[in-house]
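Subject: The structure I promised you

Hi,

Here is the structure I said I would pass on. Have it open while you read, and then go through my notes below.

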Amino acid sequence: QVQLVESGGGLVQAGGSLRLSCAASGRTFSTNAMGWFLQAPGKDREFVAAISWNGGSTYYQDSVKGRFTISRDNAKNTVYLQMNSLKPEDAAVYYCAADQAPLRQPILFPVVASTHYWGQGTQVTVSS
């Protein structure tokens, strides 16, 4: 059974930083893109960032470029999201996801989101 478990969410002041982690189990994702989405209250889930199977390519939503960094450790079957300079509008539940198909480029990650494996989410709250 595949599981994605997020951690690292919490409450932070605007301008602060958080590092989210997502540990996968049940299968290896070392040949699959992984990434993050967010969902704010009353809004649809939206793409944040994705990373290729080997970490060589990344793709970000425009609003987080320069502030967020996605990375992965295939030995640990884990993907990370370093979030710096957080803003109140970044507050949301953050979901980890993994592509079921191997070797797909990160730019396609949001396009095929309906087929991904998903975690349960971790809450990020940013106080102003």
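How many residues lie between β7 and β8 in their hairpin? There are four, and N77 in that turn has a positive phi of about 55°. Strands here, like helices, are DSSP runs numbered from the N terminus (E, at least two residues, for a strand; H or I, at least four, for a helix).

Some ground rules before the rest. You are looking at a predicted model, where local features need pLDDT of at least 70 and side-chain atom pairs count only at pLDDT 80 or more, while totals for chains, interfaces and linings use all residues. Residues are numbered from 1 along each chain as its sequence is written, and side-chain values use heavy atoms, with hydrogens and water left out.

**The sheet**

Strands of a sheet pair through backbone hydrogen bonds, either parallel or antiparallel. In this model, four strands make an open sheet in the order β1-β3-β8-β7, with antiparallel pairing. Two strands count as paired if DSSP finds at least two bridges between them. The edges are β1 (3–7) and β7, each of which pairs on one side only. From one strand to the next, the twist averages 15° (axes are lines fitted to C-alpha atoms, for helices over the stretch in contact, and angles run from 0 to 180 degrees between N-to-C directions).

At one edge, five bridges join β1 to β3 (residues 18–25), and V5 has A23 in β3 as its bridge partner. At the other edge, β7 and β8 pair over six bridges, with S71 opposite Y80 in β8.

β7 is a nice strand to look at for its side chains. F68, I70 and R72 point to one face and are buried, while T69, S71 and D73 point to the other and are not. Buried means under 20% relative accessible area, exposed over 50%, and partly exposed in between (1.4 Å probe, protein chains only).

**Salt bridges**

The whole structure has three salt bridges, each a side-chain nitrogen of Lys or Arg within 4 Å of a carboxyl oxygen of Asp or Glu.

- D62 and K65 meet at 3.0 Å, N to O, and D62 is exposed at 61%.
- D90 and R67 have their closest N and O atoms 2.7 Å apart. This pair links distant parts of the chain, 23 residues apart: D90 is in the loop between β8 (78–83) and β9 (92–98), and R67 in the loop between β6 (58–60) and β7 (68–73). Both residues are buried.
- R104 and D99 also come to 2.7 Å between their closest N and O atoms. R104 is partly exposed at 23%, whereas D99 is buried at 0%.

**Rings**

There are five aromatic pairs. Rings of Phe, Tyr and Trp (its six-membered ring) pair if their centres lie within 6.5 Å; planes under 30 degrees apart count as stacked, over 60 as edge-to-face and the rest as tilted. F47 and Y59 are stacked, 5.3 Å centre to centre with 25° between the planes. F47 lies in β5 (residues 46–51) and Y59 in β6, so the pair ties together parts twelve residues apart in sequence. F47 is buried at 11%, but Y59 is partly exposed at 31%. Both belong to one aromatic cluster with F37, F109 and W118.

W118 also has the charged end of R45 over its ring, 4.5 Å from the centre. Likewise, the charged end of R19 sits over the ring of Y80, 4.0 Å from its centre. For this, NZ of Lys or CZ of Arg must be within 6 Å of the ring centre and within 35 degrees of the ring normal.

Cheers
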